[in-house]
Amino acid sequence: GAYGILSRGYTDLLPSYPQLRVDNCLIHNCVEGTVGIYGGGKCEFRHTTLANYTVDFTRNKPQLVVNNYDSNIVFPCKVSFENCIIWGSEEEEFAPDSFPTFGQYDVTFTATLLKTTLVVKGFNAVTTDVLEFPKFADPTAGEPDERDYRLSAGSPAINLGQPIGGLPVDKEGKPHDVRPDAGCYEFTE
């Protein structure tokens, strides 16, 4: 398969630092999915846009998979999404895959737009029950590498976020305001 990011934790210990930190990134239009996290691990996604609109290929799985086991071995899993957008053309874009062991699976969404029908853990996470789409500028027109995932006026991602220390600017170097937008682009008129 072809993931934008494929992480393989497979360790019994979570380090105090993230094994994977993704800041101000746009990951889009990947055949398998934008992010696959297998075997747990500690991962942080901040001001990141995961967008998978499959107009150029067929995809029938959620774009975000978070797994904490292999066969019968369970690995600790701590994954966070803060000020992110996770959206695409499938009805369900999040696939939690956890072995039922208490305290070994922690996936949190904070100030994030997430296309899911699942109940998720987090603060100010907006899911499909209350949201139709994030209003990207032009996510399906043109060549795949030229598609525009900047926010359009009226997007629910505008001012959804919270300040994150160490990330004063967006993907293009524009400053985040006091109430930053979710995703990798700060909206400007």
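Here a colleague and a modeller talk through a predicted model.

Colleague: Glad to have this one to look at! How many disulfides does a search of the whole structure find?

Modeller: A disulfide needs two cysteine sulfur atoms within 2.5 Å. The sulfur of Cys77 has its closest cysteine sulfur in Cys43, at 7.1 Å, which is too far for a bond. For Cys184 the closest cysteine sulfur is in Cys25, at 7.8 Å, again too far for a bond. The search of the whole structure gives a disulfide count of zero.

Colleague: Thanks! Is Cys184 buried or exposed?

Modeller: The cut-off for buried is under 20% relative accessible area. Cys184 has a relative accessibility of 0%, so Cys184 counts as buried.

Colleague: Let's turn to the nonpolar packing. Which element gives the most residues to the largest nonpolar core?

Modeller: That core has 21 residues, and Phe45, Leu64, Val66, Val79, Phe81, Phe94 and Phe109 touch the most other members. Two or more residues come from each of β4 (33-38), β5 (41-46), β7 (64-67), β10 (77-82) and β13 (105-110). With three residues, the element that gives the most is β10.

Colleague: And which residues does Val79 touch, leaving aside those up to four places away in sequence?

Modeller: Val79 is one of the core residues that touch the most other members. Beyond its sequence neighbours, the contacts of Val79 are Ile37, Gly41, Cys43, Phe45, Val66, Asp106, Val107 and Thr108.

Colleague: Nice. Now for Tyr10: how far apart in space are Tyr10 and Phe75, C-alpha to C-alpha?

Modeller: Tyr10 sits in the loop between β1 (3-8) and β2 (20-23). Tyr10 touches Tyr38, Gly39, Asp70 and Phe75, not counting residues up to four places away in sequence. Although 65 residues separate Tyr10 and Phe75 in sequence, their C-alpha to C-alpha distance is 6.1 Å.

Colleague: Which strands are at the edges of the open sheet of five strands?

Modeller: The strand order is β3-β6-β11-β14-β15, with parallel pairing. β14 (residues 113-114) pairs with β15 over two bridges in the parallel sense. Each edge strand pairs on one side only, and these strands are β3 (26-28) and β15 (126-127).

Colleague: Staying with β15, which residue is the bridge partner of Leu113?

Modeller: Leu113 belongs to strand β14, which covers residues 113-114. Its bridge partner in β15 is Val126.

Colleague: On to the charges, then! How many residues apart in sequence are the parts that Asp23 and Arg46 tie together?

Modeller: The side chains of Asp23 and Arg46 form a salt bridge, at 2.9 Å from N to O. Asp23 is partly exposed, with 23% relative accessible area, whereas Arg46 is buried at 13%. Because Asp23 lies in strand β2 and Arg46 in strand β5, the pair ties together parts whose separation in sequence is 23 residues.

Colleague: What is the N to O distance between Glu32 and Lys61?

Modeller: Glu32 lies in the loop between β3 and β4, and Lys61 in the loop between β6 (49-52) and β7, 29 residues apart. Glu32 is buried, at 18% relative accessible area, while Lys61 is partly exposed at 41%. Their side chains meet in a salt bridge with an N to O distance of 2.3 Å.

Colleague: One last thing: which residues are linked in a network of salt bridges?

Modeller: The structure has ten salt bridges. One of them joins Lys174 and Asp170, at 4.0 Å from N to O. In that pair Lys174 is partly exposed at 22%, and Asp170 is buried at 3%. The network consists of Asp148, Arg150, Asp170, Glu172 and Lys174.

Methods. Residues are numbered from 1 along each chain as its sequence is written. This is a predicted model: local features need pLDDT of at least 70, side-chain atom pairs count only at pLDDT 80 or more; totals for chains, interfaces and linings use all residues. Side-chain values use heavy atoms; hydrogens and water are left out. Buried means under 20% relative accessible area, exposed over 50%, partly exposed in between (1.4 Å probe, protein chains only). A nonpolar core is a set of buried Ala, Val, Leu, Ile, Met, Phe, Trp, Tyr and Cys residues joined through side-chain atoms within 4.5 Å. Helices (H or I, at least four residues) and strands (E, at least two) are DSSP runs, numbered from the N terminus. Contact means heavy atoms within 4.5 Å. Two strands pair if DSSP finds at least two bridges between them.
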